[in-house]
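Biologist: I'm new to this one, so could you walk me through the cysteines and the charged pairs? Please give me the reasoning along with the labels.

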Amino acid sequence: MTLRIDWMRGCATALVTPFKKDGSIDEECFKRLVERQIKNGVKILVPCGTTGESVTMSESERLHVIRMTVEVVKRLKAHVIAGTGSNNTAATIDFTRKAREAGADAALIVAPYYNKPTQEGMFAHFSEIAKSVKGFPIMLYNVPSRTASNISAGTTLKLSARHENIVATKEASGNYSQVMEIIKNRPKNFKVFSGDDASGLPMISLGADGLVSVCANEIPKETSRMVEKALDGAQTAARKIHYQILPLMEANFIESSPAPCKFVMKEMGLLEENLRLPLVPVTAETRAKLKTIMKEVGI
């Protein structure tokens, strides 16, 4: 039976990683951002994911970011799902163990990118990881637009049935038929999260348990409130917030994420607009669009 993880519900923020001009991690800024999240209603923090530019960081840097998140979160009573995935099974196992030792409450593990494994390979990859960290909760992360491979509904359900610590999936496939098959046939206690802001409300209406959000970096209070209203069945109130902030949800992907989000956060005075190559700041045209959308949303 799937492990029961009661806290894994609601709005989780896929945290950006603030950098200084010299490329180093801005530690004090990062801690302030985590505190801001929790004070504005977010109870789950996800460091070292795509939004955190984890693939541009060394292992020691990623562990440091996870430890900083844990440090703030433990003091303010929230939870940490650390991004630990890669396209190397052995490396993912090693880093997932290190994240557990660092105090993370669970791991977010993306489908192997570039390799393009078959469904059999996908099952074997996640099975090896799950067996290596027994008792440690794992959230699968399915984002075919970035990995070039899809974790099918059948594979997700097979993994959830076989391994009690595979407790959730972050679904960013955009395939609602696949999402509904998982929700309909999932084992008891298995959670489904939307991995796309604009799909958060629709997926919760289908039975999903929450949202892993980029938009919450900018507007945590509004995003977490929308998710809470949706989960409580207050659909009218949730839709009102959804349509109010939808332009920003969509604008965060005008260019490669997290570049648009970091521009908006810079405009809000939350961080410096520094990214690590190969990502670069957004274009002048995108900046103008984002400023207009900020006014429209009320930032």
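Modeller: Let's start with a term: a residue is called exposed when its relative accessible area is over 50%, and buried when that area is under 20%. Keep in mind that this is a predicted model.

Biologist: Arg4 and Asp6, then: buried or exposed?
Modeller: Both Arg4 and Asp6 are exposed. Their side chains also meet in a salt bridge.

Biologist: What makes that pair, Arg4 and Asp6, a salt bridge?
Modeller: The N to O distance is 2.7 Å, and the cut-off is within 4 Å, so the pair qualifies. A search of the whole structure turns up 13 salt bridges.

Biologist: Why say that Glu71 and Lys31 tie together parts of the chain?
Modeller: Their side chains meet in a salt bridge at 3.7 Å, N to O. Glu71 sits in helix H2 and Lys31 in helix H1, so the pair joins parts that are 40 residues apart in sequence.

Biologist: And what is the relative accessibility of Glu71?
Modeller: It's 46%, so Glu71 is neither over 50% nor under 20%, and counts as partly exposed.

Biologist: How do you know that Cys48 makes no bond with the closest cysteine sulfur?
Modeller: That sulfur, in Cys29, is 15 Å away, and a disulfide needs the two within 2.5 Å, so they are too far apart. The structure holds 0 disulfides.

Biologist: Why is Cys29 called buried?
Modeller: Its relative accessibility is 2%, which is under 20%, so Cys29 counts as buried. Cys48, at 4%, counts as buried too.

How values were computed. Residues are numbered from 1 along each chain as its sequence is written. This is a predicted model: local features need pLDDT of at least 70, side-chain atom pairs count only at pLDDT 80 or more; totals for chains, interfaces and linings use all residues. Side-chain values use heavy atoms; hydrogens and water are left out. Buried means under 20% relative accessible area, exposed over 50%, partly exposed in between (1.4 Å probe, protein chains only). Helices (H or I, at least four residues) and strands (E, at least two) are DSSP runs, numbered from the N terminus.
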